[in-house]
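Colleague: Could we go through this model together, with the sequence and the coordinates side by side?

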Amino acid sequence: MMRAIAALTLLIATLLTAHFAFAQDQRNEEPTLAEEIAGVAKEYRHRLQFDGQTFSGPGWDRLVEEGIAAQFFLIGEEHGIAENPKLVAQLFTALKNTGYSKLAIEISPAMAKTLDTAILNGGLEGLRSLFGQPGGEPAFFGMAEEAEMLATVRAAVARDTQAFWGLDYEVAGDRTLLRILASKPKPDAAGKALASLQAASEQAWTQYRDTGGPQFIFSFSGDPELVRAVTTAWPDRDEESDWILHTLEETLEINRLWINGQGWESNRRRAALIRSNFLRYWKQAQHERPAPKIMAKFGSNHVVRGRNMTQTFDLGSLLPELAEFEGGSSFAVMVVPGNDSLTAVLNPSTWTFAPDKPKDGYNRKIEPITQAAFANDFTLIDLAPLRGVLASREKLANPELLKVVYGFDMLLVMSGSTAASEFQHH
């Protein structure tokens, strides 16, 4: 009897061992989350071809299709890729007859109007002349491909319509904005306050020019109280002046928070400014019927849906909700450089751009997706199918990957993309 029990015990142990060994083998054969994401991404990728002049192929067709269907077309990028503004220019031109008449960009409202007027009156040469003035070159648009994109978009829009909506603060164009304010009729007290503000701006830029120290750039070193003094002394200011003063004050406050180590609050306040600027434009455009379609080109962090990479809620949270409220939809694509790519990086000490390796680090964090890209072409990847892969395994994914998959509709990997070049001007 004892011998039979011992034999039975041995049999059960052998079966259990075999079962667990088989289960372990099965687990070892299961693909990792990264492998599964890459596999699904390859199933839903589209080739986007570019011959140096024109985009084509299934990826191009898909972008146009999505643009036609959307009220808002959001393009989130890593700045400095030469091919991305070329893509935006071609997309805007292709979609203009479907209702697109505005390009929202990462500069202030007043600077956007100034760019619009310069191009309208003189094309690229008008832009070159503007950039030759002190403070005439806004951040990001001193790259040749970006300037050419602005000229192409402006040409696609009716002359009596402003093509650009500037939604951001103003990093480098305070002198241009102050010149606009100086040209306006105003009370004597406001004129004196404005003169003090202009003097502080000039002094800061002189220090920057003499030292190359970016900490002296006025938008980072200026005192917002100087702006508030102008605002207080000018109670009956016109709408444009009001918007400029608000922009200047918010710029100085946002950057002061950053310098004082309050990074989250700085990002939150900047995101709030971007959203409020959009809504201000949108309210002004309500007389247009049908409502204009908007293409927005910003750094990816600003247009991702939901809470973004700086843990704030930016334009990418507002526009999908607004589109649904208006009975439409939005579409968001993230653009990243691929393998063997370079981007133009700003040297803040000289305010010039130079080729360098991509700096934003997106590719490392979303590598399971980017490794599905074609080696010899640009690749558009549909992200919706990846959400099913992540649904039960989110704890295994890094937060950045989750934000991209849930926050964008597609990912565009520009393998072999090149760095934008300097837009030459005096």
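Colleague: Which residue has a side-chain polar atom 3.2 Å from the backbone oxygen of Gly-76?

Modeller: This is a predicted model, in which local features need pLDDT of at least 70, side-chain atom pairs count only at pLDDT 80 or more, and totals for chains, interfaces and linings use all residues. Residues are numbered from 1 along each chain as its sequence is written, and side-chain values use heavy atoms, with hydrogens and water left out. The partner lies in helix H13 (residues 300–303), and the backbone oxygen of Gly-76 is 3.2 Å from a polar atom in the side chain of Ser-300.

Colleague: Is Ser-300 buried or exposed?

Modeller: Buried means under 20% relative accessible area, exposed over 50%, and partly exposed in between, with a 1.4 Å probe and protein chains only. Ser-300 has a relative accessible area of 1%, so the residue is buried.

Colleague: Which residue of E7 is the bridge partner of Leu-74?

Modeller: Two strands pair if DSSP finds at least two bridges between them, and strands (E, at least two residues) and helices (H or I, at least four) are DSSP runs numbered from the N terminus. Strand E3 (residues 72–77) and strand E7 (residues 330–337) pair in the parallel sense over 6 bridges. Within E7, Leu-74 has as its bridge partner Ala-332.

Colleague: How many of the 13 residues of H4 are buried?

Modeller: The buried residues of helix H4 (residues 83–95) include Glu-83, Pro-85 and Phe-92. The helix is largely enclosed by the rest of the structure, because the buried count out of its 13 residues is 10.

Key: The expected span of a helix is 1.5 Å times one less than its number of residues. A polar contact is a pair of N or O atoms within 3.5 Å; within protein, one must be able to donate a hydrogen and the other to accept it, and residues adjacent in sequence count only if both atoms are side-chain atoms.
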